[in-house]
Amino acid sequence: MKPVYAKTPLTIPQQVEHLQERGLHIPDTARAQLVLRRVGLYRLKGFLLPYKTPAGYVPGTSFADAERLMKLDEALRLHVLGAMQTVEVGVRQAIVQWMLERHGLRWYADPVHFHEPNGYFDHTEFLSKVTEEFSRMPELFVGHYRERYDLDVPPPIWMIAETMSLGGWSKLFAALRSQEDRDGIADLLGVRASTFTSWLHALTVVRNVCAHQSRLYDRVFATMGVADNKRVRRKLLEQSFDPRDTEARRLAPRLYALHRLTQALDPGCAWTADLMGVVAGYSAAEVVRLGFRPGWDAQPEWTTVGTGS
């Protein structure tokens, strides 16, 4: 039988003492208390994991080291969320427009376009959820639609699209029955359908981490597709990504997916160059915990628009 977690809670001053006893250098205890009141001990200790040893912390590790990584984490989360604005809207539009032109304005309501129900996607549940969410939306266009049109008929896809999250589009894309449709949509974004499916799932997780203010730095995710072009995949693994990250479980492969998608949706945008600026100034030992290897930002896969597919 497993024991019940029953550690005694610590006051803020006791938390500072606890960190000092573990070997953390804290020259300004008043500031440390202020930071701990704002972020909490549990969150702070997550940023100290790179410095943790069985006996405590690596000699010379300071409270400022944790603050430095928290600053990087915050900058990364904000920068990723900036890309997500482009990606969420762009992915939604690519799927909607492709399917709209070929299957009509209510294609999402027809089960013929989707695989049989499984543990990942059930069309009946999906349709019930999105139409219910649509009916509850307070926007003016929803009220206008309710007043003028038959509510027994599903609304057009461009209205339903406003209710769906990136996770919803990820599941819907993966559930499309037609390989031709999946290929056509993915091609609009310069990637193969299988890789696009993997990227959408991976980016949904990243988006949720950022939206809930969870720690992005030094995080380990599920595996994902790196790139659909074998040459680019090889170069990324050899020159851009940490060689220990053989299953693409660090943040760097996800940042590459955002690089590719933002460039496809807004060619020449500065998101990738700005990402390099966010990471600049941090040591190789700090950046490797994002899944990058030194010199990644000089590789053509990151600096040349249009590579990879």
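Visitor: How do H4 and H12 cross, left-handed or right-handed?

Guide: Here's the general idea to start with: two packed helices are described by the angle between their axes and the distance between the axes. In this predicted model, H4 and H12 cross in a left-handed way. Their axes come within 10 Å and cross at roughly 45°. That makes H4 oblique to H12.

Visitor: Which residues of H4 and H12 meet there?

Guide: On the H4 side you'll find Leu76, Val80, Ala83, Met84, Thr86, Val87 and Gly90. They meet Leu251, Leu255, Leu258, Leu261, Thr262 and Leu265 of H12. Sorted by class, this contact has ten nonpolar residues, three polar ones and no charged ones.

Visitor: And H8 with H10, what angle do those two pack at?

Guide: About 155°, with the axes 9 Å apart. An angle over 145 degrees counts as roughly antiparallel, and H8 and H10 are therefore roughly antiparallel to each other. The crossing of H8 and H10 is left-handed. H8 brings Leu166, Gly167, Trp169, Ser170, Phe173 and Ala174 to the contact, while H10 brings Ala193, Phe196, Thr197, Leu200, His201, Leu203 and Thr204. The class count for H8 with H10 is eight nonpolar, five polar and no charged residues.

Visitor: Back to H4. Is Asp73 buried or exposed?

Guide: Buried: its relative accessible area is 0%. Asp73 sits in H4, which covers residues 63-103. If you skip the neighbours within four places in sequence, Asp73 is in contact with Arg43, Phe47, Ser214, Arg215, Leu216 and Tyr217.

Visitor: Let's talk backbone. Which sign does phi have at Asp218?

Guide: As a rule, most residues other than glycine have a negative phi. Asp218 has a positive value, near 60°, and it's not a glycine. You'll find Asp218 in the loop between H10 and H11. Asp218 counts as buried because its relative accessible area is 10%, and the cut-off for buried is under 20%.

Visitor: What is phi at Ala248?

Guide: About 55°, so to speak on the positive side, although Ala248 is not a glycine either. Ala248 belongs to the loop between H11 and H12. With 3% relative accessibility, Ala248 is buried.

Visitor: Where does Met137 lie?

Guide: Look at the loop between H5 and H6. Met137 is buried, at 12% relative accessible area. Now compare position along the chain with position in space: Met137 and Thr163 are 26 residues apart in the chain, and their C-alpha atoms are separated by 8.0 Å. Setting aside neighbours within four places in sequence, the contacts of Met137 are Val142, Arg146, Glu162 and Thr163.

Visitor: Last one, as I always check the cysteines: how many disulfides does the structure hold?

Guide: Remember that a disulfide is a covalent bond between the sulfur atoms of two cysteines. This structure holds zero of them. Cys210 is in no disulfide, and the nearest cysteine sulfur, in Cys269, is 17 Å away.

Visitor: Why is Cys269 without a bond to Cys210?

Guide: The 17 Å between their sulfurs is too far for a bond; a disulfide needs the two sulfur atoms within 2.5 Å.

Visitor: Are these two cysteines buried or exposed?

Guide: Cys210 is buried, at 0% relative accessibility. Cys269 is buried too, with a relative accessible area of 18%.

How values were computed: Residues numbered from 1 in each chain as written. Predicted model: local features only at pLDDT ≥ 70, side-chain atom pairs only at ≥ 80, totals over all residues. Heavy atoms only, no water. Helix = DSSP H or I, 4+ residues; strand = E, 2+ residues; numbered from the N terminus. Buried < 20%, exposed > 50% of the residue type's maximum accessible area, 1.4 Å probe, protein only. Contact = heavy atoms within 4.5 Å. Axes fitted to C-alpha atoms, helices over the stretch in contact; angles between N-to-C directions. Parallel < 35°, antiparallel > 145°, perpendicular 65-115°, else oblique. Left-handed = near helix turned anticlockwise from the far one by under 90°. Nonpolar A, V, L, I, M, F, W, Y, C, P; charged D, E, K, R; others polar.
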